[in-house]
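Reader: I would like a close look at how the helices in this model pack, beginning at the N-terminal end, with the backbone geometry of the connecting loops treated alongside. Please take the pieces in order and keep the reasoning visible.

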Amino acid sequence: MVKLDDVHESIPEMDELDDKKNEKISDLLDAVREAYDGEMPYLFTREGDEEGQRLLAYKFLKARGWKISNALAMIEGVLQFRKANHMDDWSLFPCAFPLRGYDEEDIDAKLHPLLPGKALDGQRVRGAWDGCYQALQASYVNLYHHYDKAGHPVLYDGFGGANVGHIVKALDKITPPGGSMKDVIVPFHTYMNEVQYYMIRYADYRSRTLLGQTRRIMGCTVIMNAEGMHMGMIQRRFVSVVQSIFDVDQKYYPETLHRLFVIKCPKVVQMAYNLVKSSLDPNTRRKITFCDKKESFAVLQKVIDVEKLPKELGGNCECKGGCLPRYDAADTDGVSGDYVSVPTEEHKIKAGKKLVKEYSLHAKDSISWQFAVENHDVKVLVYFEAEEKPTTELLELADTMLVESDGSAEEADNVAALEPSQGHAKTPTNEPNEECESCQSVNGSATPYESPREAGGATKTTKGITRGDAGKGDKVSEKNKSKKDANEPLSDKTVVLKDKKTHYGTDDFVAPQDGKLVLIFDNSYSWMYEKKLQLRIIETPTRE
């Protein structure tokens, strides 16, 4: 696939700059200052000096064909993307995935004085990034391991050996309600890109300061091991995910790829590449080299010292724990928090029935929920049943939550919730199965599209406390006789938090006092349609 003589130990970091290109770099920097009231945004100032800012401007211009207007539009898009996702406030380390051959404490020590902020504060806690890493890398390798001969960080990707079926099942469990695999993988990939920025900055610092080299390190080298890849792995939704990843990379991360070597490459890989290469710009395509199994080791030796090449690929490196390890649940050193991947529950709520979920909470316990209903609405009632008389804090919180929106099902243009809340699943007091055995049957007096509560007549609401006496005749399944009927009168200790008909919602609640949170998904007003509900419940551990 490639002639060994055509593979060089290194390639230039950037084009030769003539006077015209240097002038365009200066003009772009001036345009950025003018667009932002005479001040350079943090995206540029974090580069440190004028040389660093010019190199970043070069990247934007190179990515947009040296057209200043297009480069400026790209910069504006990047800034909007980062602002929408609060990315300059992310804590990135300790890293969610292994960094073999790197000392994170040294990365912090060398870069933190140059890059003040939260990214290097070492305070990251476990969250959904870890959940995605665990789902992917239980059967798939994707991590950094040492440097190439020119000093670039090397990212190893072992997709060819991935167990796609296992990955899909694992990702389905953590996909947010109403979402898709892209909603899990693309945010994690974006997190990896943010880590990559600091890996490249550290490699550049190491190259110039410690090794005395004059060339700048501006990107990373990627080794993708395609051995074992077959057509069965190329699912349509995977292709969609890959295209979304390429879209993020090319919109928001210009010129971060130094080179990509696809090793041990079967013909099917070239076929797969043909499906997605139209998503890549010509400059990126020129950086990609395909190698068959026979020539792969020789190619790797040309660009990576054999002492830094993983033993699994023919090199002499044997890192503690393995150079290219898969996810090990015991490998959690250095990261705070008690994160456990929270599965998305799947429920079917039959016509005329409802799903009830109950959670016992102590004061200051926090719980969040997210749900989506396929194609239809359900009536959602959320209330808190306090053990003692409701406090003023609880009543005021209820008033606030009742008027707030539960969210929107519309997709955002940016990557939403890239830094999700941390937490672990709260075990409900009654757990319904997929057939919704805990669903309660409807009161026979209700009319179509009308809940038993609505059929019962007047309902009084005072300070968030809702009382009513409709629907006492509802039947309850034997398995849930101990569960409070959603239609029996609510006591003076019960405070309604949400009461609306919708197909999507997300919210969180911090209990001001001890009590029980009840979520009811009510399909009792429907005589014909079963509702498919996806639900995720997360409890965030209380932190003093």
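Author: What follows starts with the N-terminal helices and their loops, and then moves along the chain to other helices.

The model is a predicted one, and its chain holds 14 helices and 17 strands. Of the 544 residues in the chain, 51% are buried, and the chain exposes about 25,500 Å², with carbon and sulfur atoms supplying 49% of that area. Among contacts between residues at least 6 apart in sequence, 83% join residues at least 24 apart.

Two packed helices are described by the angle between their axes and the distance between the axes. For helix 1 and helix 3 the angle is about 100° and the axes are 9 Å apart. Since angles of 65 to 115 degrees count as roughly perpendicular, helix 1 is roughly perpendicular to helix 3. On the helix 1 side the contact is made by Asn22, Lys24, Ile25, Ser26, Leu28, Leu29 and Arg33, and these meet Gln53, Arg54, Ala57, Tyr58, Phe60 and Leu61 in helix 3. Sorted by class, this contact has seven nonpolar, three polar and three charged residues.

Methionine 14, in the segment before helix 1, can be placed beside this picture. Once its neighbours within four places in sequence are left aside, methionine 14 is in contact with Leu55, Tyr58 and Met218, and Tyr58 is also one of the helix 3 residues that meet helix 1. The C-alpha atoms of methionine 14 and lysine 59 are 8.7 Å apart in space, although 45 residues separate the two in sequence. Because its relative accessibility is 24%, methionine 14 counts as partly exposed.

The loops of this N-terminal region call for a remark on backbone geometry. Most residues other than glycine have a negative phi, and most peptide bonds are trans. Aspartate 37, in the loop between helix 1 (19-35) and helix 2 (42-45), has a positive phi of about 55° although it is not a glycine. Tryptophan 66, in the loop between helix 3 (50-63) and helix 4, also has a positive phi, of about 65°, and is not a glycine either. In accessibility these two residues fall into separate classes: aspartate 37 counts as exposed because its relative accessibility is 74%, whereas tryptophan 66 counts as buried because its value is 11%.

A further backbone feature concerns proline 94, in the loop between helix 4 (68-84) and strand 1 (99-100). The peptide bond that leads from phenylalanine 93 to proline 94 is cis, with omega near 0°. Farther along, alanine 109 lies in helix 5 (residues 104-111), and with 47% relative accessibility it counts as partly exposed. Alanine 109 is eleven residues from leucine 120 in sequence, and the C-alpha atoms of the two are 9.1 Å apart in space.

The next helix pair is formed by helix 6 (residues 128-137) and helix 8 (residues 182-210), whose axes come within 9 Å and cross at roughly 105°. That angle makes helix 6 roughly perpendicular to helix 8. Here Trp129, Cys132, Tyr133 and Leu136 from helix 6 meet Val184, Ile185, Pro187, Phe188 and Tyr191 from helix 8. The residues of this contact divide into nine nonpolar, no polar and no charged, whereas the contact of helix 1 with helix 3 includes three polar and three charged residues.

Two later helices can be read through the direction in which their buried residues point. An α-helix has 3.6 residues a turn, so residues three or four places apart point the same way. In helix 10 (residues 267-276) the buried residues include Val268, Val269, Ala272, Tyr273 and Val276. Viewed down the axis of helix 10, its buried residues fall within an arc of 145°, so they line one face of the helix. In helix 12 (residues 293-303), Glu295, Ser296, Val299, Leu300 and Val303 are buried. Viewed down the axis of helix 12, its buried residues fall within an arc of 140°, and therefore they too line one face. The partners of the buried residues of helix 12 are strands: they pack against strand 4 (220-225), strand 5 (257-263) and strand 6 (288-290).

Terms used. Residues are numbered from 1 along each chain as its sequence is written. This is a predicted model: local features need pLDDT of at least 70, side-chain atom pairs count only at pLDDT 80 or more; totals for chains, interfaces and linings use all residues. Side-chain values use heavy atoms; hydrogens and water are left out. Axes are lines fitted to C-alpha atoms, for helices over the stretch in contact, and angles run from 0 to 180 degrees between N-to-C directions. Helices (H or I, at least four residues) and strands (E, at least two) are DSSP runs, numbered from the N terminus. Angles under 35 degrees count as roughly parallel, over 145 as roughly antiparallel, 65 to 115 as roughly perpendicular and the rest as oblique. Contact means heavy atoms within 4.5 Å. Ala, Val, Leu, Ile, Met, Phe, Trp, Tyr, Cys and Pro count as nonpolar, Asp, Glu, Lys and Arg as charged, and the others, Gly among them, as polar. Buried means under 20% relative accessible area, exposed over 50%, partly exposed in between (1.4 Å probe, protein chains only). The arc is that of the directions from the helix axis to the C-beta atoms. Accessible areas come from the Shrake-Rupley method with a 1.4 Å probe; for residues, only the protein chains shown count as cover.
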